[in-house]
Amino acid sequence: MSLLKVDNLETYLGQYHILHGVSFEVKRGSITVLLGRNGAGKTTTLRSIMGFNSASKGTIQYGDEPIHGISPHLISRKGIGYVPENQGIFKTLTVQETFSLAKMKGDSQAEEKVEWMLDLFPDLKKYWTKKSGVLSGGQKQMLAISRAYINGNGLLLIDEPSKGLSPIMVEKLMESILKMKEKTTILLVEQNFMMASRIGDDFYIMDDGKIVLNGEMASLVQDRETCQKYLGIA
Ligand SMILES: Nc1ncnc2c1ncn2[C@@H]1O[C@H](COP(=O)(O)OP(=O)(O)OP(=O)(O)O)[C@@H](O)[C@H]1O
């Protein structure tokens with residue numbers, strides 16, 4: 001059953017028409033990956049779901065509720081967490097302060113979520129009182145993912161978490177994101193095909209602001225022609 005249903009989304013950035021009728025679904029408890037070349041419109045799609053880029057047409061259904069046209073803070077309150085490409089970490093806040101700020105008022109599960117994230121990312125426990133600015137790139141990514149999860153764990157939108165990370169860190173992150181499927185649903189934008197293909201259940205390929213192909217990840221891995229045509233992978 002789908003948790004998120006995006007239908008015929010059209011988004012303009014200034015005078016530029018970026019998304020041309022984007023439609024896709026994310027199944028509850030799955031990892032769905034948006035793939036595609038640079039500039040295909042993946043980030044704009046995530047930002048349109050969050051309400052940071054407002055879509056001029058189309059609908060977005062989260063569970064039973066339409067969420068298009070709603071402001072980002074209300075979308076976040078509905079339980080959608082967002083990890084932007086640049087992580088959006090406040091460097092002067094400690095890990096502890098970042099976690100505290102992420103907790104929603106009146107969320108009875110907040111402490112449980114904090115504990116789960118610290119078990120998943122023990123490095124963050126180690127740097128609990130350190131300023132976020134001193135963390136490594138991978139640890140910042142862990143912090144950004146934790147913040148999004150504590151804030152809203154119904155659905156997580158994660159934009160290129162592997163960017164700039166060492167292969168070992170990518171491996172670590174991949175395992176953690178896979179584990180997060182036990183508790184949440186994930187829509188992932190990822191250029192690292194090795195990572196995407198190992199953790200994704202379903203895929204959608206974007207090109208020029210449109211979805212050009214979708215299916216189960218297992219079938220894409222076998223399809224060399226498509227990988228080469230849209231993803232530049234030989
Ligand atoms: N503020 C903006 N104004 C005009 N065009 C923009 C703006 N931001 C992005 N674009 C354009 O929108 C298109 C889609 O960009 P987007 O960042 O969504 O792509 P992407 O698939 O996430 O790419 P990447 O993998 O490089 O992050 C690109 O052609 C980009 O140049």
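Author: A residue is buried if 20 or more other C-beta atoms, placed from the backbone, lie within 10 Å of its own, exposed if 12 or fewer do, and partly exposed in between. Residues are numbered from 1 along each chain as its sequence is written. The model is predicted: local features need pLDDT of at least 70 and side-chain atom pairs pLDDT 80 or more, while totals for chains, interfaces and linings use all residues.

Reader: How many residues of strand 7 are buried?

Author: Strand 7 covers residues 155–159 (strands are DSSP E runs of at least two residues, helices H or I runs of at least four, numbered from the N terminus). Leu155, Leu157 and Asp159 point one way, Leu156 and Ile158 point the other way, and all are buried. Strand 7 is therefore largely enclosed by the rest of the structure, the buried count being five of the five.

Reader: Which strands pair with strand 7?

Author: Strands pair when DSSP finds at least two bridges between them. Strand 6 (residues 80–83) runs parallel to strand 7 over four bridges, with tyrosine 82 bridged to leucine 157. A further five bridges, also in the parallel sense, join strand 7 to residues 185–189, where leucine 155 has threonine 185 as its bridge partner. The pairing strands are thus strand 6 and strand 8.

Reader: Which helix gives the most to the largest nonpolar core?

Author: This core (buried Ala, Val, Leu, Ile, Met, Phe, Trp, Tyr and Cys joined through C-beta atoms within 7 Å) has 60 residues. Those with the most contacts inside the core are Val83, Leu155, Leu156, Leu157, Ile186 and Leu187. With seven residues, from the segment 137–151, the largest contributor is helix 6.

Reader: Which strands are the edges of the open sheet of four strands?

Author: The sheet has the order 2-1-4-5 with antiparallel pairing. Strand 4 (residues 55–62) is joined to strand 5 by two bridges, and tyrosine 62 has glutamate 65 as its partner there. Pairing on one side only identifies the edges as strand 2 and strand 5.

Reader: Which element gives the largest share of the shell around the ligand?

Author: Among the 13 residues around the ligand (C-beta atom within 6 Å of it), Asn38, Gly39, Lys42, Thr43 and Thr44 come nearest. Two elements give two or more residues to the shell, namely strand 2 (16–27) and helix 1 (42–50). The largest share, three residues, comes from helix 1.
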